[in-house]
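Subject: Structure handover

Hello,

Here is the structure I promised to pass on, with my notes on what turned up in it. I hope you enjoy looking through it as much as I did.

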Amino acid sequence: MKNTMWRTGLVVALVSLLAFAVVGCSTSAEEPAQTESQEITVMLPEWGVPTDAMLQEFQDESGVKANVEVVAWDDIRNKISVAAAGGQAAADVVEVDWSWVGEFNNADWLEPLTVTSEDTADIPSISSFTVDGKVLGIPYANDFRVGYYNTDIYGKAGLTEPITFAEAKDQSAAIKQKGLLQYPSTMPLTAGEGTTTGLLWLTFLRDGKVFNDDNTLSKDNVLTSLRYMDSLVKDGLINPANITQKDIDTYRQLSSGEAAFMVGPTYFVGLVENPDESKVVGQIKTIVPPGGDSKAKQTMSLTEGVGILKASENKEAAQKFVDWYTSAATQKQLYTDVDILPTRTSVLTELVNSGQIKNADALIETAKLIKSPFPNGVPAYYSEMSPAIYNAINQMASGSLTPEQAFDEMNAKVTELAKSASQ
Amino acid sequence: MPPDAYRESHVKKVERTGYLLLAPAALVMSALVLYPIVFTFVYSLQDYRLIYPDKRAFVGLENYARVLADPMFWNAFANTLLVTVIVLLLGLTSSLVVASILSVPTRFNGLLTAVAIIPWALPPVVNGLLWKFVFYPGYGLLNKLLIGAGVVEGPIQWFGGRLGTLLVIALVVAWRLAPFGAIVLLASMQSIPRDVYEAATTDGASRLQAFWDITRPLLAPSIAVVASYLVVNSLFTFDEVIALVGNRALTSTLALYNYNQAFTFLNLGTGGATAYLVMLGTGIAGFAYVRSMVGKAG
Amino acid sequence: MRTRLLWRGIYLAAVVIFLLFTLGPVLWCLIISITPEAEMFRSGVGLIPAHATLENYARLLGMNSRESTNFMEALSNSLITAGATILIGLPIAVAAGYALARVKVRGGRILLIAMLLTMPVPILATIIPLYALYATIGLLDNHFALAAVYVSSTLPLVTLIITNHFRSFPDEIEQAALMDGAGRVRLFFDVVLPVSYPIVLSAALVMFLWAWGQYMIPLILASSRATKPLSVMVAEFSSKEFFLYGMTAAAGILAMLAPAVFAVVFRRYLISGLTEGGVE
């Protein structure tokens with residue numbers, strides 16, 4: 001009796017020990033000696049991943065093995081911040097979106113990179129990743145706002161390329177009136193990041209100024225944009241489904257032939273020509289986006305870059321990767337193999353000249369207009385500011401706020417954030 | 001050894017065995033649940049914003065006050081409450097109906113049970129996506145069916161209003177949670193001896209009455225278990241909301257609010273405080289849960 | 001006779017509604033997964049695509065694409081982690097359940113209550129410190145360490161079900177066996193466990209299904225390619241300004257296959273198990 005009791009205990013203890021031993025063993029087995037250090041982790045979203053052949057080439061060239069960890073874009077920031085809160089590096093090289101630069105800089109998570117002056121000249125959007133003279137990331141995927149319109153529908157309606165936003169709206173009204181399309185215009189109105197950037201680029205393209213020098217909203221300009229968006233909804237020129245649809249799906253109304261005009265991401269240049277994804281192949285013309293009283297004089301870039309985490313223990317190897325990944329040769333190959341639009345003007349020009357990027361005169365022209373809408377760089381509180389902006393717009397589009405109320409609501413939050421940050 | 005002393009030492013040995021058997025569970029729970037929540041409590045008392053690393057300091061209950069003063073918190077609270085109530089009603093009803101269907105012995109019973117389990121097997125992320133395709137404005141399944149049948153002319157904006165959206169969210173969450181309830185209730189029903197029914201029906205009692213008089217009281221404890229399961233799980237509604245309408249303030253839930261504080265705004269102070277407030281709230285629901293469950297464990 | 005027919009009608013109607021409601025969304029997801037993107041974004045009433053394509057499945061299951069390698073890896077990660085959850089969790093739950101039901105221990109009841117009270121603890125309240133803990137002791141990106149976290153979340157419910165089962169287990173059988181001179185350990189393995197397999201298996205199913213659906217925990221603790229589960233991979237086809245609906249739907253359909261098979265196989269045990277487990 002006595003013995004059996006002990007044995008019971010022993011068995012259980014053994015079982016649990018076993019369980020923990022398994023855990024322990026697998027740890028030591030799965031973690032090879034890290035001191036070799038010529039192995040790095042690179043955290044990228046799905047579309048930024050180079051082909052295996054390219055990675056192999058990089059390894060042969062540099063002796064650095066890059067293990068790419070694919071993480072959904074939204075989650076990359078979560079991973080980086082949770083790891084940083086625990087004093088760790090989520091990876092050696094990480095994706096850095098333009099909108100994260102301010103907060104990552106404040107939190108001191110990124111290692112300043114060494115960049116040659118040629119690189120800086122060749123990659124204009126590097127300016128969005130530069131804070132106080134420190135380059136915190138190098139843009140690898142180009143994206144800025146260009147205009148698109150459907151030549152077929154515009155032709156039927158007897159219209160020509162829009163020069164100003166006011167004109168674009170009148171054209172949409174005409175197309176609707178002629179019964180050519182139900183919702184000729186499209187832009188994001190959902191509670192999501194795309195809607196915030198929507199307000200930013202609309203204001204920036206038209207007026208060139210979104211924020212005052214103290215980072216508060218420029219009231220007249222922003223309010224004009226809000227009224228413009230509101231009237232698009234009220235006049236039935238924009239699909240009310242956009243209030244809850246993902247921003248990508250609002251843009252896709254152009255490629256499905258349901259909208260005739262939009263200002264949108266650059267990758268639609270290629271998408272609209274791809275018969276697997278587009279119903280309007282050959283009908284869409286890419287244009288320099290409209291502006292206030294003439295064509296836009298500046299456009300906003302929404303580039304994505306790569307950076308190196310401060311907590312990384314393999315910074316040298318990581319820098320080798322960043323240099324390779326953003327080099328002209330790699331960018332060219334990334335475009336042909338995985339459709340990433342280059343950030344280097346030289347590569348972009350080369351691809352356009354060789355006919356690899358079609359439909360692109362406006363693309364190069366617009367790329368030269370890239371500027372930052374933030375007078376003091378992307379603010380550290382951008383991630384808290386953005387929901388306040390998109391929620392106000394979303395509520396306005398749903399009809400529960402007037403443009404003035406929507407402005408007051410977002411302005412209160414933006415002003416509060418700007419004030420508390422400057423303290 | 002006198003019997004009493006033997007008894008005493010025996011009891012002690014038994015106790016020691018008992019502790020040994022419980023040790024692994026206690027160890028896992030304290031290392032992986034207790035330890036982290038203590039840390040989170042400490043965070044909740046600090047000004048701990050990742051983007052202002054220099055300002056980290058002890059601030060007492062300030063974060064709690066801040067969260068409680070935030071109208072968006074109360075908005076999320078009201079939404080969560082509404083979703084929970086609807087999930088409870090929908091989930092219980094459908095669990096009961098499905099369990100009743102499955103308790104009828106037919107040839108297809110096995111197949112039907114397998115079908116009933118499918119929603120349970122879905123990761124919430126996939127569940128949200130699935131229903132997004134159903135309710136999508138324009139080309140969603142429901143709009144296509146309704147337009148095709150001539151019920152409506154244009155696509156319905158399911159997520160136009162706050163109430164409508166919350167209703168859809170609750171429906172989707174209930175859909176995922178109901179299978180667990182159905183299986184639990186089915187198991188309960190099957191444990192009711194058949195002769196009790198037969199006696200009742202030969203007595204001339206109608207089936208509905210038999211259900212009301214016999215099945216319902218016997219099911220009561222299981223219903224309590226299912227109800228608490230539904231409540232606790234619907235309080236965490238997150239993935240489905242994100243998939244269906246995104247991070248929309250109007251239809252935000254507590255889990256979403258908490259996520260925004262900690263992950264979007266990178267404020268671990270208010271994030272921790274929100275988590276503790278949610279825990280406090282769920283503690284009340286949890287108390288009923290525990291009582292109904294431990295009641296039987298004695 | 002009449003009422004009988006009526007009941008039959010009601011039953012059939014209920015079955016049809018139930019099938020439509022349960023399988024409808026899943027079938028729709030299946031249709032989306034074989035619809036080309038260009039056709040998807042058209043309002044119209046057609047449900048079946050004019051040009052159905054299996055390309056999404058080919059990309060996920062084919063031999064040579066990056067997606068298929070990732071998919072297979074994620075599938076095996078999900079299986080390993082869910083398996084490890086059962087491997088670690090089940091013995092712990094059985095031991096605890098047996099002790100709580102059979103060995104009267106002071107504080108046992110309190111432990112059970114405490115465990116049950118952790119059920120409403122949101123993962124957001126534990127994930128950041130957990131990450132720090134795992135990072136310090138090198139347990140990130142480890143199937144078994146990830147499974148241990150899953151165990152800590154399912155343990156309360158599973159322990160309760162098992163405790164209830166052992167409580168309802170007739171004491172006489174055990175006493176009789178003890179009289180025969182069988183040791184307690186032998187008794188447990190020879191007498192108690194064999195008749196308890198339904199409840200043990202259903203506990204395993206609960207753990208498996210729970211582990212399968214997790215998103216946030218593996219995302220933070222184990223998102224490397226070698227450990228990332230299917231649920232996390234499914235979400236990767238959506239990004240900043242990008243959403244591959246067809247791929248996501250196809251991956252979603254494939255992600256529900258394994259647990260569905262598991263559930264079907266253990267259906268019988270699950271039901272009889274819960275009956276005995278005293279959630280009655």
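In this predicted model, chain A holds an open sheet of three strands in the order β9-β8-β10, with antiparallel pairing. Its edge strands are β9 (261-264) and β10 (284-287) of chain A, each of which pairs on one side only. On average, neighbouring strands of this sheet are turned by 25° against each other, direction ignored.

Strand β8 (residues 146-150) of chain A is joined to β9(A) by four bridges in the antiparallel sense. β8(A) also pairs with β10(A), again over four bridges and again antiparallel. If you would like a residue to start from, try G147(A): its bridge partner in β9(A) is V263(A), and its partner in β10(A) is I287(A). V146(A), for its part, stands opposite G264(A) in β9(A).

How many of the residues of β8(A) are buried? Five of its five are, so to speak of β8(A) as mostly covered is fair by the cut-off of 20 or more other C-beta atoms within 10 Å. In a regular strand the side chains alternate between the two faces of the sheet. Both faces of β8(A) are covered, with V146(A), Y148(A) and N150(A) buried on one side and G147(A) and Y149(A) buried on the other.

Another strand of chain A to look at is β12 (residues 304-309), where six of six residues are buried. Here is how β12(A) is paired:

- Strand β3 (residues 93-97) of chain A runs antiparallel to β12(A), with five bridges between them; V93(A) stands opposite I308(A).
- Strand β7 (residues 138-141) of chain A is joined to β12(A) by three bridges, also antiparallel; P139(A) has G305(A) as its bridge partner.
- Strand β4 (residues 110-111) of chain A has two bridges to β12(A), antiparallel as well; L110(A) stands opposite L309(A).

Now for the domains. Chain A is divided into domain 1 (38-143 + 302-343) and domain 2 (153-300 + 374-422). Taken over C-alpha atoms, the centres of these two domains of chain A are 29 Å apart. Where they meet, 13 residues of domain 1 of chain A are in contact with 12 residues of domain 2 of chain A. On the domain 1 side, helix α4 (residues 101-107) of chain A gives the most, with four residues. By class, that side of domain 1 of chain A has five nonpolar, five polar and three charged residues.

Next come chains B and C. Between them, 86 residues of chain B are in contact with 78 residues of chain C. Helix α1 (residues 3-44) of chain B makes up the largest share of chain B's side, 19 residues. That side of chain B has 64 nonpolar, 17 polar and five charged residues.

One residue to click on in chain C is V105(C), found in the loop between α4 (66-102) and α5 (108-117) of chain C. Is V105(C) buried or exposed? V105(C) is buried, because 20 other C-beta atoms lie within 10 Å. Leaving aside residues up to four places away in sequence, V105(C) touches E15(B), G18(B), Y19(B) and L22(B), together with A99(C).

As for chain C overall, its secondary structure comes to 12 helices and two strands. Along the sequence the pattern is α-α-α-α-α-α-α-α-α-α-α-β-β-α. Of the 280 residues in chain C, 54% are buried. Among contacts in chain C between residues at least 6 apart in sequence, 75% join residues at least 24 apart.

Last, a helix in chain B. What span should the 12 residues of helix α5 (residues 124-135) of chain B have at 1.5 Å a residue? The expected figure is 16 Å, and the end C-alpha atoms of α5(B) are 16 Å apart, so the two agree. α5(B) is also mostly covered, with 12 of its 12 residues buried; among them are P124(B), N127(B), W131(B), K132(B) and F135(B).

Happy browsing, and do write back with any questions.

Best wishes

Terms used. Residues numbered from 1 in each chain as written. Chains lettered and ligands numbered in written order. Predicted model: local features only at pLDDT ≥ 70, side-chain atom pairs only at ≥ 80, totals over all residues. Contact = placed C-beta atoms within 7 Å. Nonpolar A, V, L, I, M, F, W, Y, C, P; charged D, E, K, R; others polar. Pairing = 2+ DSSP bridges. Axes fitted to C-alpha atoms, helices over the stretch in contact; angles between N-to-C directions. Expected span 1.5 Å × (residues − 1). Domains from an automatic or database assignment.
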